[in-house]
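Subject: Handover of a structure and a summary of what it contains

Dear colleague,

I am passing a structure to you with this message. Please open it first and keep it beside you while you read the remarks that follow.

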Amino acid sequence: MGKKKQKLVRHTAEQLADTPSANIHMASMYTFQSGKPLVRTESLVGAHVAPTTVPPTTLLRNEDSPPASNQWQIYQAGSFLDYMPIPDEFRVETETSKRKCTAGVTWQLECPTFLDEMIHLEGHGDYAEDSVCRHCQEHAPTIRCADCFLQELYCPSCTVEWHRCLPLHRLQRWNGNYFKRITLKSLGLHIQLGHRIGDTCCNPHRAFNDDFIIIDSTGIHEVGLDFCACGTMQTHVKQLLHSRLFPATVTDPKTAATFGVLEQYHLLSFESKASTFEFYQALARLSNNTGMDPPKDRYPTFLQVVHKWRILKLLKCFAQGHCPDGIVTTEPGQCAVLCPACPHPGKNLPENWENASLDKRWLYALFIGINANFHLKRKLVSSDIVDPGVSKGWSYFVEEKAYKSYLEDNKDRNQERSTCASHNTVNMADTKKSRGLAATGVGTVDCARHNMKLRNAVGDLQKGEKYINMDYLFFSAMKHHDVIVLNISYDIACQWSKHLWSRMSKLPSAFHLDHDNKQVNFLIPKFHLPAHIKPCQIDFSFNFSRHVGRTDGEAPERGWANINLIASSTKEMGPGSRRDTLDDHFGDWNWKRVVQLGRLTARKLANAVEQKADHQRELLELESCLQAQDISEWRIDIEAWELDRMQPNPFKAAIHLELARIEAAELESGTNVSLHAEVPPSVLISSAIDLEDQHAHATDHQLAKVQLHANTLCRKVDGWQEIQLLYMPFVSRLRANEDCAHSSTDATPAVEAINLWLPSALHRFKWMLRYAQANDALKDIRNILRLRSHLYKFKDNNIVSQAANTHARISMAAERYEVILDEGPAWQDIFKPLNRNRDLKSLKDMWEKETEGTRHLSWIWKTPGVAEDASVGLHDALRIEWCKAHACAMRWEEEVDLLKEEQRRVIAFLDWQADWWWCQRQGRNSEHLDDCLREGLKAYAERQASLRRALSAQFQALWTTPTLPAATSIDTATFTV
């Protein structure tokens, strides 16, 4: 903690009558920061003190003039607090930049008052003196309502009359000692449907068995309910629905849920992921929390009502009620929330977009991410026959019957083995544990830039992440997207993309993709990329691929955190109910992402503009240390590789390849001096350097097996020395002299002390390999630092003691580098001394929140003058780092262009959607349509159109503001669907 700044305190003492030993002082704290006074209020506790010397009034900057009389004094804040002892039972709370509640101390003093008032309400309260009902002035007031605003008491008859429009309120009756729960039904209240409140029905029809149950947000109520059976009667179902009561059945309903409680649970399930059982249990406890007189169990009924409510809300929100032919014509994917920022031909793309030039076409690319989630299992309960579900591929899940038929027809197809790293996703797809499970998880296809589920892109996985499942989901999703450029992100894209088009031929013809006329790019998400082999890490990298901006491909992974919380409840559901429930949650997730697009894209664009300028400046700094000719050649190489991955890879090093080329040239010219058929000079020196490294670090690496390592190393040295004699026979005399020296002391030298007698005759090989070793040491430092933060995160559970080993490896690599610098001043001209506290900086240091796209190069990559050195290794390293810096700057420039295009598409999509909803007003323009229903259809369509226009206007206002306010928020109440 830093030293507190000196503050001035304007003090007004306020003596509390009931606390003579401790005073509460409200103090205004003045802090001067950058020449500006900042004021905040603090509650201080302690004895009254006399004022100290008044500081110069100029310090107040004339912000407050001293009031008359002696109502205020000025104290030095430090002495004020030191003088005033603050008791332990009081806590001083202060305001910082964000306003905090400062009433903690006051509330503790008032805590008894709060408690007394709560107990006070257990009795008659303020109405203890009332002996007659104030409404009728006749009977004794004995009943009060727990849900009305006031706790006034009424007589039974007045209570019933008062609650005819509030029939679900909870009542309490005074029994002479306390208030006891009663129901309006017991007082004689009957809810009359089919008529206005207060009107009587000439032919009321009592509900079946007169035990109708209504589930409401205040509890589970048994009510008296009468249907209308007179001349104006409608069906019982319509009568209930007109009263905003959702019947559980369509014949002789005995249970209904209010629209309010269904809406409440619907949103609560999205936000808190509360299960239906938990919510129902809470309602039951609201009705009776003693367990002695529980309400009638209607949980199975409520479960069915909630399922139906989800489906009806889905159909309503996607204008299926406006469709002239009804819901039977609902098409696959028609009830999915679309991503406004993604390209949708005919909705948010400009005219002739498909004919755009190559330098603009990439802006209209679709980014998708493929992933699987094995948390969303389903147990082997029920079946599609018993629980088929209502939605038939209307939203995000594929149509189940066609999906299962395809899987059955291709169940014997063998899964290709991975030629990359040993991916369990590929190699062990058939061994996924599935005992007792109907589905081991789900596979999905998402929008990779905005984290939204695509329509008809979700399906169950029966046994692991098999190609037949993921192929079907991918091509099913692509049926709805007719774009030219397609960027596909998948954590096993390097394997899955092989033979994809040949596997496509096994799918229905409606799923076939015209890939010959499209540009399809396969990429691997950034977090998953390090698990792949080196070639894949470059060929499938977002960072090194052009026209992808700063997309990371990890969007599907972020979405799982939201949906995984309902896995415990959906795994117990039948197949149809589970699909409908997950569809509903995916739709809500997409909608929340839509309303957040304005704020998110504004912040992303502001950051991208800043990062673009920063990395372009970084690139210029690096280029100032390089030769212009080299930069020109490298730019040509990287552009050629971006267009054709078969071209030489500019991101790979080539020091060992260059040494091999030198020796090949010497053999061809006849100048090679190799004396051993299998060990040329470069290999000899390279192995010697490796042996020296083992000299220095054998005990660091293998403390538990030091002697075994020494014996192994000794045999390696003996073998190397035999070959050395072919090149340097004179070394035998040096060894003999050394042996005589050791024999005189009767001491056998340790293996790490053996002198290898490296010759100056082979200096050029040694120099080149020493140079390569220095670069390797720096490379090792960078690679180990990249892993260190990850090891810290998991060391307690997974990699015990690995963090300490990582520290040792970093130190060893640094020591290897420093040893090379100590060999002569020539090295100091190329490499700087290594400051371990400043220069040991990871390329992806999580502590500093840096990634490949936000990192800043240290002196290792920007050493002045090194570009003039002809060393192949140094030149190669600089080329690689320039390629990375160039790619980074280009990705940020592309990100700015992509975000601006996405903002344009969002506005265009919302405007299109507003016009579409406006046209739905006349969707069911039938002569036989009821006037009230016609009005409702028109009102709902206009409200949805108005909502889209409001979103469009708000987004445009956010995006035209120079800087986004820190406290920007969206009034979600305005956007009720």
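What is the average pLDDT of the protein chain, and what share of the residues score at least 70? The model is a predicted one, and its chain averages a pLDDT of 78, with 68% of the residues at 70 or above. Two stretches call for caution. Over residues 1-23 the pLDDT stays under 50, although the model has 61 contacts beyond four places in sequence for them. Residues 792-804 also have a pLDDT below 50, and this stretch has 9 contacts in the model beyond near neighbours in sequence. Where pLDDT is low, the predicted coordinates should not be read in detail.

Overall composition

The protein chain has 977 residues, of which 47% count as buried. It contains 27 helices and 20 strands. Among contacts with a separation of 6 or more, 69% are between residues 24 or more positions apart.

The nonpolar cores

Which residues touch the most other members of the largest nonpolar core? They are Ile-368, Phe-474, Met-478, Leu-486, Ile-488 and Trp-496, in a core of 85 residues. Helix H11 (residues 467-478) supplies the largest share of this core, with 9 residues. Phe-474 may serve as an example to inspect: leaving out residues up to four places away in sequence, Phe-474 touches Ile-368, Ile-370, Val-445, Leu-486, Ile-488, Trp-496 and Leu-500. A second core, separate from this one, has 18 residues, including Leu-262, Tyr-265, Tyr-280 and Val-306.

Helix H7

Val-306 also appears among the buried residues of helix H7, together with Phe-302, Val-305, His-307, Trp-309, Arg-310, Ile-311, Lys-313, Leu-314, Leu-315 and Cys-317. The helix covers residues 299-317, which is 19 residues, and spans 27 Å from its first C-alpha to its last, close to the 27 Å expected at 1.5 Å a residue. Just after H7, Ala-319 takes a positive phi of about 60°.

Helix H15 and its surroundings

Helix H15 (residues 555-563) has as its buried residues Ala-555, Pro-556, Gly-559, Trp-560, Asn-562 and Ile-563. Why are they on the same side of H15? They lie on the same side because they cover an arc of only 155° around the axis. As background, an α-helix has 3.6 residues a turn, so residues three or four places apart point the same way. The buried residues of H15 pack against strand S14 (366-373), strand S17 (441-447), strand S18 (452-461), helix H16 (567-570) and helix H17.

Two buried residues in helices

Helix H17 (residues 575-623) holds Trp-589. Is Trp-589 buried or exposed? Trp-589 counts as buried because its relative accessible area is 15%, and buried means under 20%. Apart from neighbours within four places in sequence, Trp-589 is in contact with Asn-451, Gly-559 and Asn-562. Of these, Asn-451 is 138 residues away along the chain, yet the C-alpha atoms of Trp-589 and Asn-451 are separated by 9.1 Å.

Gln-903 is part of helix H26 (residues 872-919). With a relative accessibility of 10%, Gln-903 is likewise buried. Beyond neighbours within four places in sequence, the contacts of Gln-903 are Thr-601, Ala-602, Leu-605 and Trp-959.

A hairpin

Strand S6 (residues 171-174) and strand S7 (residues 179-182) pair in the antiparallel sense over 4 bridges. Within this pairing, Gln-172 stands opposite Arg-181 in S7. The hairpin has 4 residues between its strands, and Gly-176 there takes a positive phi near 100°.

Positive phi in two loops

Arg-244 is a residue other than glycine with a positive phi, near 60°. Arg-244 sits in the loop between helix H4 (236-242) and strand S12 (245-247), and its relative accessibility of 52% makes Arg-244 exposed. Ser-382, which is not a glycine either, has a positive phi of about 60°. The loop that holds Ser-382 runs between strand S15 (378-379) and helix H9 (400-409). Ser-382 counts as partly exposed, at 43% relative accessibility.

Yours sincerely,
A colleague

Technical notes. Residues are numbered from 1 along each chain as its sequence is written. This is a predicted model: local features need pLDDT of at least 70, side-chain atom pairs count only at pLDDT 80 or more; totals for chains, interfaces and linings use all residues. Side-chain values use heavy atoms; hydrogens and water are left out. Buried means under 20% relative accessible area, exposed over 50%, partly exposed in between (1.4 Å probe, protein chains only). Contact means heavy atoms within 4.5 Å. The arc is that of the directions from the helix axis to the C-beta atoms. pLDDT is the predictor's confidence in each residue, from 0 to 100. Two strands pair if DSSP finds at least two bridges between them. A nonpolar core is a set of buried Ala, Val, Leu, Ile, Met, Phe, Trp, Tyr and Cys residues joined through side-chain atoms within 4.5 Å. The expected span of a helix is 1.5 Å times one less than its number of residues.
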